[in-house]
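Here is a brief report on chain symmetry, one helix contact and the salt bridges. Look at the structure first.

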There are 2 protein chains.
Amino acid sequence: MSFEKLDTLGRRLQALEHALSILGADEATHMAVGGGEARAEAMATLAGMAHRTATAPEVSDWIEDASNETLNDDQCAALREFRRLHLNLTCLPPEFVERQTRTRMRSEQLWRDARAKNDWVSFQPALESVVSMVREEAQMRAEALGLSPYDALMEQYDPGNRVADIAPILEELKSFLIDFVPTALSVQDERLAKTPLRTLSGTYPVEKQRELALAMMAAVGFDMTRGSLSVSHHPFCGGVPTDVRITTRYRTDEFLSSLMGVLHETGHALYEQGLPQEWSHWPLGKARGMAIHESQSLFVEKQIGRNPAFWRWALPIVERHLGESWTIDDILPHVHRVERGLIRVDADEVTYPLHVILRFELEQELISGQLEVSDLPEAWDARMKCYLGLSTIDNPADGPMQDVHWPSGAFGYFPSYTLGAMIAAQQWAAIERDHPNVEDDFARGDFELVNSWRRDRIWKQGSRWSTPELIEKATGEPLNAEYFRRHLERRYGR
Amino acid sequence: MSFEKLDTLGRRLQALEHALSILGADEATHMAVGGGEARAEAMATLAGMAHRTATAPEVSDWIEDASNETLNDDQCAALREFRRLHLNLTCLPPEFVERQTRTRMRSEQLWRDARAKNDWVSFQPALESVVSMVREEAQMRAEALGLSPYDALMEQYDPGNRVADIAPILEELKSFLIDFVPTALSVQDERLAKTPLRTLSGTYPVEKQRELALAMMAAVGFDMTRGSLSVSHHPFCGGVPTDVRITTRYRTDEFLSSLMGVLHETGHALYEQGLPQEWSHWPLGKARGMAIHESQSLFVEKQIGRNPAFWRWALPIVERHLGESWTIDDILPHVHRVERGLIRVDADEVTYPLHVILRFELEQELISGQLEVSDLPEAWDARMKCYLGLSTIDNPADGPMQDVHWPSGAFGYFPSYTLGAMIAAQQWAAIERDHPNVEDDFARGDFELVNSWRRDRIWKQGSRWSTPELIEKATGEPLNAEYFRRHLERRYGR
């Protein structure tokens, strides 16, 4: 049976991915400082083995032959995902992949250095070579997949996402936000004029914050027997579904950044822990893609973790762990703080999508050739002024040099962040439609309803559906920016 | 070039070994409790991939072809080790290896349960099937390697070790110890009659013991940038040479068991950290074998860590960390405590070799068929009475069921422990011959001389020499039990 051969292939790839995931998480948390070079060498070799294993010449025969075998529903779905993975992995010639890896690594190294020095001039040629390579890549992917070049890039991250579908939705969101950000800011100003912001005491020991974080993780559904919380420089969710490694970093002068970060990573972790175990060694058993993954992290961080009802339940727990008493009226201005800023990763949920839309527009133009890298600082600055009223022209380090995505060759990824925010809001709306009192559950610290809703409709589906199909099946309609708009209006509007 | 193909093969095996080592260490230290099944599955698959990679049909052609290529000295040595590894891996048919893995796993599981219940009757059939399988294995290895069956088993752990060479040395040691143990015990009794044993205060916080352990590790030469100390249920030294993971466990009622354990594992770690980095992806670059590895751990634990000169330097450091002041005369009776006992892993350096020699004698008889498993409890008891004056006949859990080695099919391994103790003493004697005042260095906390001696003669040699060759090249003569005898007499005799 050829399907059995694919099944065995899946087990081998799974073992290599297990190793790569744990080695990656270990590198950021427990590895000795001198272990980096050997670790990089081992991981590159294992990644190469995984790529060679997945793209071996006989695999396409197995896929073809398996399609003539009698398969059950799950196996048919599994075969479709094996085919998709194989096509996405084999559509670039090996020589190109090697050149790409070298170009990306060089450009990423150069970026780290140039960004620290705010030095656009040295960075520009490196980004030019990445962009020229990505144009070539997009062309090859487009031909293999029968898609437009930018769609072919997005297909790696969110299967089924197409510019034709998402661009109008993001355009609509942009128009709304350009008006709404000033509204939200003046609403905030008026509130703060009445009740000034209560300052944080500034003495939050790491060990107490960690205990609080663990209590919150467990409360929102993290299975503590199948994962852990560590410290790393950049917070992440890694590891494997049976042993999800989430990390945070602590500041002792405030506790909200770490706590909200942990809730965000816990959202990713719940998705991983909830994936169908019986398919865990098939591509079908993996999470669907970046937008859906982000919808799960944002669901926990924003829909649950910044919900006033959540804080009604959470404040006594915060007090128990940190020994500091807060009222709802004092904490919410911190939790719902809106601020225009240059840095995407520091942005709140109101301004964040404008950062993403700016990048989405610019990277489409870069791929199509409408925009050249040399014109990027001006183009970035012009949009930044228009969307957020801020200028970056003298500060490219906080403009087009701020993210690792482009220097590392990841184009087509940015939209996932904001699609995730919209999908989370749409899921929340669907839940509230059926369960109008769900927030009462939050106020009691009961998250089982929202978890079981997402477990059945999202987590257990693995990669059975394309991203748009999954959204529609879970929420009853295609992606609709209206829900996110209403969410923002309710939380930040008049 | 066929050698280049072997070089590439080495890099792949190295990456898989890196993954297996880190995954193994992670499992015992940081893995979530629910992660075990998926981890076992991933590690078994990766181990299978390593085995298949190392034994692929083309590898023997590469080895043959490479022997006709122009190679430098290091490459010739590397080729020899590639050949040895390949022969040791391919001399058993794959079907046998599978059957072996299943038999071992079943028997090990059964052993855990039966040992806890002191239930020899249920355990006996499982051990019988292991022994019958090991006899078969030894026969196949013997034919492939041109060795006697037991020598062929030892060859996996200590290349070059032969019963004809080590049996007379162990016999000589046994005769000495049967007389010497009572002497050492009465010397100890006389001393304790004069000065009673000072009791430990019994309040040693884990965090303080950990700081003390780290200080001692660094002092004796552990490179803190290329390794770390964690906690695990069973102490071990794992990881990779650039990131050596050592572990310990703490008791708060005393500090010596953890500290001496850390020194032991640090000895293993120094060997790993000192291996030749330029050969790290060849079998040539690995540690030579179990006896040499144990000689390095015992060198640090016994020759350094139980040396009175070491304690002259160490006591103020212990006081600084634990806040407790000890005199040399008070601490040495703890560090040099001798006691007859049933359990090998708890034994001191005087009685330990008798535990090993008993097993070495019995396992040779089991392999040759002179002894059957059903007669093992009586045979064990008879020797235990003769060597240590203790009986195990009513207590097989602390007799022939006490070690994991036999139930897991590891025969030919036990001698390594005592060979290691003898090799460590012989190294110490060689160093003292050239540097009669080396103990003065210890009293100042200076271990560079003993480390650089071992770095050049042992660590940097990797697997260039067989075990007996390495002993002779390093110390100037073949293995000689005299040095270990003198070491024990000096420390424990009249």
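Helices here are DSSP runs of H or I with at least four residues, numbered from the N terminus. Glu482(B) and Arg485(B) are 3 residues apart in helix H20 (residues 482–492) of chain B, so about one helical turn separates them. The model is predicted.

**Salt bridges**

The count over all chains is 81 salt bridges. Three pairs are listed below.

| Pair | Closest N and O atoms |
|---|---|
| Lys174(A) with Glu361(A) | 2.7 Å |
| Arg39(B) with Asp26(B) | 3.0 Å |
| Glu482(B) with Arg485(B) | 2.5 Å |

Lys174(A) sits in helix H8 (residues 163–194) of chain A and Glu361(A) in helix H14 (residues 352–368) of chain A, so their salt bridge ties together parts 187 residues apart in sequence. Both residues, Lys174(A) and Glu361(A), are buried. They also belong to a salt-bridge network with Glu171(A), Glu365(A) and Arg383(A).

Arg39(B) and Asp26(B) are both buried as well. By contrast, Arg485(B) is partly exposed, with a relative accessible area of 22%.

**Chain symmetry**

A turn of 180° and a shift of 0.0 Å along the axis lay chain B on chain A with an RMSD of 0.0 Å. The two copies are therefore related as by a two-fold rotation axis. In chain B, Ala19(B) has the C-alpha nearest the axis, 3.0 Å from it. The copies meet through the same surface, because 100% of the interface residues of chain B are also interface residues in chain A.

**Helix contact**

How do the axes of H1(A) and H2(B) cross, and at roughly what angle? The axes of helix H1 (residues 2–29) of chain A and helix H2 (residues 36–54) of chain B come within 9 Å and cross at roughly 110°. That makes H1(A) roughly perpendicular to H2(B). Among the contact residues are Ala15(A) and Ala19(A) of H1(A), and Ala42(B) and Leu46(B) of H2(B). By class, this contact has 8 nonpolar, 2 polar and 5 charged residues.

Technical notes:
Residues numbered from 1 in each chain as written. Chains lettered and ligands numbered in written order. Predicted model: local features only at pLDDT ≥ 70, side-chain atom pairs only at ≥ 80, totals over all residues. Heavy atoms only, no water. Axes fitted to C-alpha atoms, helices over the stretch in contact; angles between N-to-C directions. Helix = DSSP H or I, 4+ residues; strand = E, 2+ residues; numbered from the N terminus. Parallel < 35°, antiparallel > 145°, perpendicular 65-115°, else oblique. Contact = heavy atoms within 4.5 Å. Nonpolar A, V, L, I, M, F, W, Y, C, P; charged D, E, K, R; others polar. Least-squares fit on C-alpha atoms with pLDDT ≥ 70 in both. Salt bridge = Lys/Arg side-chain N within 4 Å of Asp/Glu carboxyl O. Buried < 20%, exposed > 50% of the residue type's maximum accessible area, 1.4 Å probe, protein only.
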